Amino acid sequence: MTLAPPAVGSSLDALADLVADGDVVVLSGAGLSTDSGIPDYRGATGSLRRHTPMTYQTFTRDPRGRHRYWARSFVGWRQMREARPNDGHRAVGRLQAAGLLGGLITQNVDGLHQAGGATDVFELHGGLDRTVCLGCGDVAGRAALDERLRAANPHFGPRVEEINPDGDAELPDEVLDGFVMVGCLGCGEDLLKPDVVFFGETVPRDRVDACFSLVEQAGTLLVLGSSLTVMSGYRFVLHAAKLGIPVAIVNVGPTRGDGKADVRVDAPLGEVLPALAARLAG
């Protein structure tokens, strides 16, 4: 069923019936974090309409491209770090605390689910709060890297108007040469990468398998704020539908999974989720 935004109140009935049965697994996308000031990629104002995101191939093969990414990310990380969970994130946390939700699979890399009170969060595409060295495999916290970058770039801080979902900021090319990148503390190589899955990169197989296992145990798969355009998330909807597990989708605008949905709510997550939590979680 497809429910339009003006019918948010009545649309809660069908959604609430599914969620009230419990054992709900959530699959969330960038649309859940837009109210926290983090843009999505494919919405009406999505960043893919304005810029080409960093690809794994460019990051690993082009030192200049890698340098450009870190200069932009150094600036963008400040805004990402200050982002706070919104009403949708907090509502998900309340529903989980009430025992209605099981684990969460998120395509987001911002950590806002955890900050909003959720647990058992599977970060499908990794997290911006960590870095990994492509040379030696060392994993470290982003905060430590940020301190080192601040020390190496005391005067590098151009003002930016917006950031992208992967945490980098739009900067003019002429300012990039003034940025100094630091090396890995483990091996000294200039091969640090945020611990996230870039476009063109493959999600680790063990992570995918863990998410498939979570879906297989679900009573319902609830998709929140994802257009499901890429197979990375859509495959879980296909898997649930194949197993006869009900699928509910809450998203503003059409999604690739609409034909597989048992309940389809086209309305803002910031309205739907708090109302759902108020009804079911008290």
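Me: Which elements do the buried residues of helix 7 pack against?
Reply: This is a predicted model. Helix 7 spans residues 205–216. Its buried residues pack against four strands and one helix, namely strand 2, strand 3, strand 4 (121–123), strand 8 and helix 8 (231–242).

Me: Which residues of helix 7 are buried, and what arc do they cover around the axis?
Reply: The buried residues are Val208, Cys211, Phe212, Leu214 and Val215. In an α-helix, residues three or four places apart point the same way, because there are 3.6 residues a turn. These buried residues sit on the same side of helix 7, because they cover an arc of only 160°.

Me: Which exposed residues does the face turned away from the buried side of helix 7 carry?
Reply: Exposed here means over 50% relative accessible area. On helix 7, the face turned away from the buried side carries Arg205 and Asp206.

Me: How many residues are in the largest nonpolar core, and which element gives the largest share?
Reply: Nonpolar side chains tend to be buried together in soluble globular proteins. The largest nonpolar core here has 29 residues. Leu15, Leu222, Leu224 and Val250 have the most contacts inside it. Elements giving two or more residues include strand 8 (220–224) and strand 9 (247–250). The largest share, six residues, comes from helix 1.

Me: Which residues is leucine 224 in contact with, leaving aside its neighbours within four places in sequence?
Reply: Leucine 224 is among the residues with the most contacts inside the largest core. Leaving aside neighbours within four places in sequence, its contacts are Val26, Leu27, Ser28, Gly29, Val92, Val250, Leu269 and Leu273.

Me: How many residues are in the second, separate core?
Reply: This core is separate from the largest one. Among its members are Met54, Trp77, Leu145 and Leu192. Its count is 26 residues.

Me: How many residues apart in sequence are aspartate 13 and arginine 279?
Reply: Side chains of opposite charge can pair when their charged atoms come close. Aspartate 13 and arginine 279 form a salt bridge, with the closest N and O atoms 2.8 Å apart. Aspartate 13 lies in helix 1 and arginine 279 in helix 9, so the pair ties together parts whose separation in sequence is 266 residues.

Me: Is aspartate 146 buried or exposed?
Reply: Aspartate 146 meets arginine 81 in a salt bridge of 3.2 Å, N to O. The pair links helix 6 (residues 142–152), which holds aspartate 146, to helix 3 (residues 63–82), which holds arginine 81. Arginine 81, at 36% relative accessibility, counts as partly exposed. Aspartate 146 has a relative accessibility of 5%, so it counts as buried.

Me: Which residues are linked with Arg130 in a network of salt bridges?
Reply: Arginine 130 forms a salt bridge with aspartate 195, the closest N and O atoms being 3.0 Å apart. Arginine 130 lies in strand 5 (residues 126–133) and aspartate 195 in strand 7 (residues 192–196), so the pair ties together parts 65 residues apart in sequence. The residues linked with Arg130 in the network are Glu123, Asp129 and Asp195.

Me: Where is glycine 37, and how many Å apart in space are glycine 37 and methionine 80?
Reply: Glycine 37 is in the loop between strand 2 (24–28) and helix 2 (56–61). At 43% relative accessibility, glycine 37 counts as partly exposed. Methionine 80 is 43 residues from glycine 37 in sequence, but their C-alpha to C-alpha distance is 8.7 Å.

Technical notes: Residues numbered from 1 in each chain as written. Predicted model: local features only at pLDDT ≥ 70, side-chain atom pairs only at ≥ 80, totals over all residues. Heavy atoms only, no water. Buried < 20%, exposed > 50% of the residue type's maximum accessible area, 1.4 Å probe, protein only. Core = buried A, V, L, I, M, F, W, Y, C linked by side-chain atoms within 4.5 Å. Contact = heavy atoms within 4.5 Å. Expected span 1.5 Å × (residues − 1). Arc of directions from axis to C-beta. Salt bridge = Lys/Arg side-chain N within 4 Å of Asp/Glu carboxyl O.
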